[in-house]
Amino acid sequence: MSAMPGEHGPITSAADVDLSDYAFWARPMSERERAFELLRALPHPAFYAEPEVSFAPRGPGYHALARHADILEASRTPEVFCSGDGGATNIPDMPPEFAEYFGSMINMDDPRHARLRRIVSRAFTPKMIKKFEADVEAAATKIVDDLLDRGPGCDFVTEVAARLPLKIICDMMGIPERDHGFVFDRSNRILGGFDPEYGGGDPATVAEHLLTAGMELDRLVQDLAAHRTAHPTGDLTSALVNANIDGERLTGQELGSFFILLVVAGNETTRNAISYGLRLLTRNPDQRALWLTDIDGHAPGAVEEIVRLASPVNFMRRKVTRDHEMNGTLYRKGEKVVLYYWSANRDEAVFTDPLRFDILRTEGPHVGFGGPGPHFCLGAHLARREITAMFRELLRRVPHIEGGSPQRLHSSFINGIKHMPCDF
């Protein structure tokens with residue numbers, strides 16, 4: 001049986017690290033950083049037995065890619081390292097019943113992946129995102145207005161960081177404000193599947209919680225889609241249900257899976273980057289002072305550095321389609337590899353003093369939005385816009401706001417912060 005959080009010994013060598021032990025992901029951040037430093041130093045990627053879950057049979061194990069170079073190469077070679085055979089967002093293969101709600105394009109390969117991305121990507125070009133710029137700015141202003149009215153001592157995650165991406169994604173899709181809290185709660189349940197706060201205290205019921213949350217979000221968007229088919233507006237749901245690009249349309253199931261991907265990935269990841277960003281500024285007052293000297297000028301570099309160190313998504317999984325040698329290691333057909341973006345973004349072979357927060361850093365590229373290739377984050381432009389707008393408002397109007405000790409999400413997939421007090 002895996003050790004419970006707090007029952008583990010010190011990490012002194014790579015042999016002490018087991019990424020499939022759920023207790024590992026409850027260790028302090030400094031211990032996690034040490035563990036991945038040891039894994040990056042190995043001559044070949046470590047190989048682990050798969051974690052045991054109640055909703056899927058245990059697979060043959062996986063190679064843990066911890067180095068930046070390995071992750072870049074695997075990302076650029078999707079014909080070898082595929083996403084669609086069993087899914088990319090989980091280490092065990094995704095059961096068929098999960099695919100109905102979570103089988104989005106992130107868990108597909110070309111040509112089906114390319115078809116879906118072609119349909120939905122027109123809503124996420126820089127030109128389209130610029131149209132939302134005023135909405136993002138107005139939402140950030142309102143959030144800081146409310147923060148100042150409420151005063152210090154609030155939960156920064158729920159009262160500030162979570163509100164901006166949630167509002168923008170829901171407004172884009174045309175989800176009415178009365179349902180925003182519902183979307184927030186169900187996305188928490190999906191990405192916090194094993195965290196006791198979100199109903200994941202009993203591993204035997206995790207599958208039921210995940211499927212119920214997915215089903216409820218799917219029902220919400222299907223009801224909206226039915227209305228928008230007959231009564232289209234200017235929102236993204238109207239555009240998607242009525243889109244006909246070169247004769248291609250989204251099916252109802254594809255729309256539901258895309259919506260779940262959008263609200264979960266677009267809400268949770270940006271929320272965690274903003275939360276992590278405040279914590280970084282609190283612990284690095286020199287970088288806060290530097291950013292304050294030129295808020296707009298330093299924003300692009302600061303945002304990239306926040307995303308690098310936050311790395312909201314810890315990993316994605318791939319399956320090997322044929323025997324392939326990469327960086328001196330032979331990967332056999334059918335084997336799994338797990339791309340640990342969080343580790344790659346701390347790779348000392350790429351980033352000088354990688355744990356240091358430096359808003360002027362020019363090294364990279366980081367893989368906080370995924371690696372290069374067909375699965376690079378579709379919402380990266382929007383996420384950058386939201387993070388920029390939020391910190392512009394905070395630095396201009398609450399320049400000395402600080403984030404207290406964070407309460408972290410217990411998850412191997414998401415590097416999340418559930419709660420964090422703030423003071424100013």
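A disulfide is a pair of cysteine sulfur atoms within 2.5 Å, and a search of the whole structure, which is a predicted model, finds 0 disulfides. One pair of cysteines shows how that cut-off works: the sulfur of C154 has its closest cysteine sulfur in C422, at 3.5 Å, and this is too far for a bond. In general terms, a disulfide is a covalent bond between the sulfur atoms of two cysteines. C154 is itself buried, with a relative accessibility of 8%, and C82 is likewise counted as buried, at 9% relative accessible area.

**The nonpolar core**

The interior can be described through its largest nonpolar core, which has 135 residues, and the residues with the most contacts inside this core are L19, F124, F156, W291 and Y340. Helix α12, which covers residues 252-283, supplies the largest share of this core, namely 14 residues. Y340 can be followed further, since its contacts beyond the neighbours within four places in sequence are listed: they include L19, W25, F36, Y62 and A64, as well as I91, N314 and F315.

F36, one of the contacts of Y340, also appears among the buried residues of helix α1, which are M29, R32, A35, F36, L38, L39 and R40. Helix α1 runs over residues 29-40, has 12 residues, and reaches 17 Å from its first C-alpha to its last, which is close to the 16 Å expected at 1.5 Å a residue. What do the buried residues of α1 pack against? They pack against strands β1 (46-48), β7 (336-340) and β9 (407-408), and also against helix α15 (341-344).

**Salt bridges**

Charged side chains are paired in many places, for the search of the whole structure finds 36 salt bridges. Three of them are set out below, with the distance between the nitrogen and oxygen atoms.

| Salt bridge | N to O distance |
|---|---|
| D70 and R67 | 3.5 Å |
| R150 and E159 | 3.3 Å |
| R361 and E363 | 2.6 Å |

The partners in these pairs can also be described by their accessibility. D70, which pairs with R67, is buried because its relative accessibility is 1%, and the threshold for buried is under 20%. In the pair of R150 and E159, R150 counts as partly exposed at 40% relative accessibility, and E159 is also partly exposed, with a relative accessible area of 26%. In the pair of R361 and E363, R361 is buried, at 11%, whereas E363 counts as partly exposed, at 31%. Elsewhere, salt bridges that share partners join E50, D85, D93, R317, K319 and K336 into one network.

**A residue in a loop**

T233 offers a view of a loop, since this residue lies between α10 (206-230) and α11 (236-241). Is T233 buried or partly exposed? T233 is partly exposed, because its relative accessible area is 43%, and partly exposed covers the range between the 20% limit for buried and the 50% limit for exposed. When residues up to four places away in sequence are not counted, T233 touches R228 and S238. With R228 there is also a polar contact, which joins the two side chains at 3.3 Å. A14, by contrast, is 219 residues from T233 along the chain, and the C-alpha atoms of these two residues are separated by 55 Å.

Conventions: Residues are numbered from 1 along each chain as its sequence is written. This is a predicted model: local features need pLDDT of at least 70, side-chain atom pairs count only at pLDDT 80 or more; totals for chains, interfaces and linings use all residues. Side-chain values use heavy atoms; hydrogens and water are left out. A salt bridge is a side-chain nitrogen of Lys or Arg within 4 Å of a carboxyl oxygen of Asp or Glu. Buried means under 20% relative accessible area, exposed over 50%, partly exposed in between (1.4 Å probe, protein chains only). Helices (H or I, at least four residues) and strands (E, at least two) are DSSP runs, numbered from the N terminus. Contact means heavy atoms within 4.5 Å. A polar contact is a pair of N or O atoms within 3.5 Å; within protein, one must be able to donate a hydrogen and the other to accept it, and residues adjacent in sequence count only if both atoms are side-chain atoms. A nonpolar core is a set of buried Ala, Val, Leu, Ile, Met, Phe, Trp, Tyr and Cys residues joined through side-chain atoms within 4.5 Å. The expected span of a helix is 1.5 Å times one less than its number of residues.
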